[in-house]
Amino acid sequence: MLPLDITLVYFSGRPDPHWQVQANHPKYQKIREMFNSAVNQELAALPEQMPSQLGYRGFLVRDSNDQLPKLILGTTTKELQLLLLGTIPSDAIPQALVGIIAKTIEDGGVSPIGAESETPGTKRAPKYNVLTQWKWNNWFVVTKNNCYNYATNKRTSTNAQPGRKHGVNVKNNFSEDFGKEVMKAAVKDGLTVVGNFETRLNIDVPTRKSLELLPSQHLVALFASNSGK
C-alpha cells in the first residue's frame with residue numbers, strides 16, 4: 001500500500017511540518033479507511049477552501065496516486081484529524097503546541113471556507129483583484145510562499161525568511177532578543193524601520209494619493225513570537 005503525505009498547516013512564516021505515514025505504521029490502516037471514507041462522502045475539502053487566518057488550518061493529505069492534496073478540517077473529521085496529529089514526528093513541533101492543536105480540533109472552531117459548519121459571518125482576508133490574483137492565489141504558489149513573501153510583495157517560492165537571501169540565518173531560540181534579530185534581518189533585505197515594539201509608530205498611514213506618488217512603497221508589519229507556541 002502507498003504511503004500518505006501529510007502536512008500540518010499551522011505556521012505562516014516558516015514551512016509547515018510535512019511527513020509520511022507509511023503502510024507499516026500502526027495507525028495507517030485506520031487513517032487510510034477514514035481518509036477514504038471522508039473523500040467518498042465529500043467531507044474532505046479542497047485546498048482552496050483553507051481558511052485565511054493564523055494558527056491551525058487543518059491537514060493536507062495526499063494519496064501518492066493523487067496530484068493535489070485534500071484538506072481535512074472541520075467538525076465532521078475530528079477523529080481523523082486527531083489520528084493524523086498523533087503521527088507527527090516527535091521533533092517536528094513542541095509538545096505544548098501539539099496539545100494546543102489537539103484542543104483546537106476538539107473544540108471544532110475552525111472549518112473550511114464554505115462548509116456548513118463554518119460560523120456565519122466569519123471574516124476572511126479580502127481576495128486579490130483579478131489583475132493580481134494569478135500571481136498569488138495559485139495553489140502551487142500559496143504552498144511555497146509565506147507571510148514574508150506576501151508582506152513584501154515578492155514571490156520567491158522559497159518560503160522566504162528575513163535576511164536569508166543576504167546570508168543572515170535567524171534562529172528562534174525563544175529569547176527576548178528574537179524580535180530584534182528579525183528586525184535587523186529584514187533591514188538587510190532592504191526594509192526601512194519606521195517603528196518597532198518599543199516605540200509607538202509615529203508616521204502617517206499612506207493614503208491612496210500618496211501610494212500613487214510612491215507606488216513601490218508600502219508598510220510591512222512584522223510579528224515575531226518567542227513563546228515557542
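Me: Why is Phe 11 counted as buried or exposed in this model?

Reply: Phe 11 has a relative accessibility of 15%, and buried means under 20% relative accessible area, exposed over 50% and partly exposed in between, with a 1.4 Å probe and protein chains only, so Phe 11 counts as buried. This is a predicted model, in which local features need pLDDT of at least 70 and side-chain atom pairs count only at pLDDT 80 or more, while totals for chains, interfaces and linings use all residues. Residues are numbered from 1 along each chain as its sequence is written, and side-chain values use heavy atoms, with hydrogens and water left out.

Me: What makes Asn 36 buried, partly exposed or exposed?

Reply: Asn 36 has a relative accessible area of 31%, which lies between the limits of 20% and 50%, and therefore Asn 36 is partly exposed.

Me: How do you know which kind of aromatic pair Tyr 10 and Phe 11 form?

Reply: Rings of Phe, Tyr and Trp (its six-membered ring) pair if their centres lie within 6.5 Å, and planes under 30 degrees apart count as stacked, over 60 as edge-to-face and the rest as tilted. The ring centres of Tyr 10 and Phe 11 are 5.3 Å apart with the planes at 80°, so this pair is edge-to-face.

Me: What are the values for the pair of Tyr 56 and Phe 59?

Reply: Tyr 56 and Phe 59 lie 6.0 Å centre to centre with 70° between the planes, and this aromatic pair is edge-to-face as well. Both Tyr 56 and Phe 59 are buried.
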